[in-house]
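Student: Could you take a close look at one helix and the end of the chain around it? I would like to know how it sits against the rest, and which charged side chains pair up.

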Amino acid sequence: MSFEVKEKGGIMYATLCGRLDTPSAATAEKEIIPLLENADKEIIIDCSELEYISSSGLRLFLTVRKEASAKGGKVIVEHINDDVRKVFLMTGFANLFEIR
């Protein structure tokens, strides 16, 4: 699992690659800190290379969303594959995020 965060033009971009399962979510929890610190901005999470997401991975998405909501920011999830989309639909996360 790789997790890259960068800022461009006042927008925070996060790119996820691989499997966001329980072991990798523990590592990614440290890597989302820049997103939490900048949660007053627009945050775009690119999932084009995210192969799998577990409940631990979903918790990270929820953490970012809650912080953005508290600080007046916005979270957009882009390019999710069919398997990840099914998880988002089954768990109700599709209603919590703007998905492009």
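Tutor: A helix here is a DSSP run of H or I with at least four residues, a strand is a run of E with at least two, and both are numbered from the N terminus. Keep in mind that this is a predicted model.

The helix to look at is α4, which spans residues 82-91. Start at its N-terminal end. Asn-81 caps that end, with a side-chain oxygen placed 3.0 Å from the backbone nitrogen of Asp-83. At the other end, Gly-92 comes just after α4 and has a positive phi of about 85 degrees.

Now consider the sides of the helix. Val-84, Val-87 and Phe-88 are buried. Their directions from the axis span an arc of only 100 degrees, so these residues are on the same side of α4. Buried means under 20% relative accessible area, and exposed means over 50%. On the face turned away from the buried side are the exposed residues Asp-82, Leu-89 and Met-90. The buried residues of α4 pack against β3, α3 and β5. Each of these three neighbours can be taken in turn.

Strand β3 covers residues 42-53 and includes Asp-46. Asp-46 is buried but has no salt bridge, and the nearest side chain of opposite charge, that of Lys-6, is 8.3 Å away. That pair does not count because a salt bridge needs a side-chain nitrogen of Lys or Arg within 4 Å of a carboxyl oxygen of Asp or Glu. Leaving aside residues up to four places away in sequence, Asp-46 touches Ala-14, Thr-15, Leu-16, Glu-78 and His-79.

Helix α3 runs over residues 55-71, 17 residues in total, and reaches 24 Å from its first C-alpha to its last, close to the 24 Å expected at 1.5 Å a residue. Its buried residues are Ser-56, Gly-57, Leu-58, Leu-60, Phe-61, Val-64 and Ala-68. The elements covering them include α4 and β3, along with β2, α1, α2 and β4. After α3 comes Gly-72, with a positive phi near 85 degrees.

Strand β5 (98-99) is the remaining neighbour, and this is where the charged pairs come in. Glu-98 forms a salt bridge with Lys-74, their closest N and O atoms lying 3.1 Å apart. This pair links distant parts of the chain, with Glu-98 in strand β5 and Lys-74 in strand β4, 24 residues apart. Glu-98 is partly exposed, at a relative accessible area of 32%, and Lys-74 is also partly exposed, at 39%. Glu-98 has a further salt bridge with Arg-100, at 3.4 Å from N to O. Arg-100 counts as partly exposed too, with 46% relative accessibility. Salt bridges link Lys-74, Glu-78, Glu-98 and Arg-100 in a network. Glu-78 has already appeared above, among the residues that Asp-46 touches.

The count for the model is seven salt bridges. Another of them joins the side chains of Arg-19 and Asp-21, at 3.9 Å from N to O. Arg-19 is partly exposed, at 42% relative accessibility.

Methods: Residues are numbered from 1 along each chain as its sequence is written. This is a predicted model: local features need pLDDT of at least 70, side-chain atom pairs count only at pLDDT 80 or more; totals for chains, interfaces and linings use all residues. Side-chain values use heavy atoms; hydrogens and water are left out. Buried means under 20% relative accessible area, exposed over 50%, partly exposed in between (1.4 Å probe, protein chains only). Lys and Arg count as positive and Asp and Glu as negative; His and the chain ends are not counted. Contact means heavy atoms within 4.5 Å. The expected span of a helix is 1.5 Å times one less than its number of residues. The arc is that of the directions from the helix axis to the C-beta atoms. A polar contact is a pair of N or O atoms within 3.5 Å; within protein, one must be able to donate a hydrogen and the other to accept it, and residues adjacent in sequence count only if both atoms are side-chain atoms.
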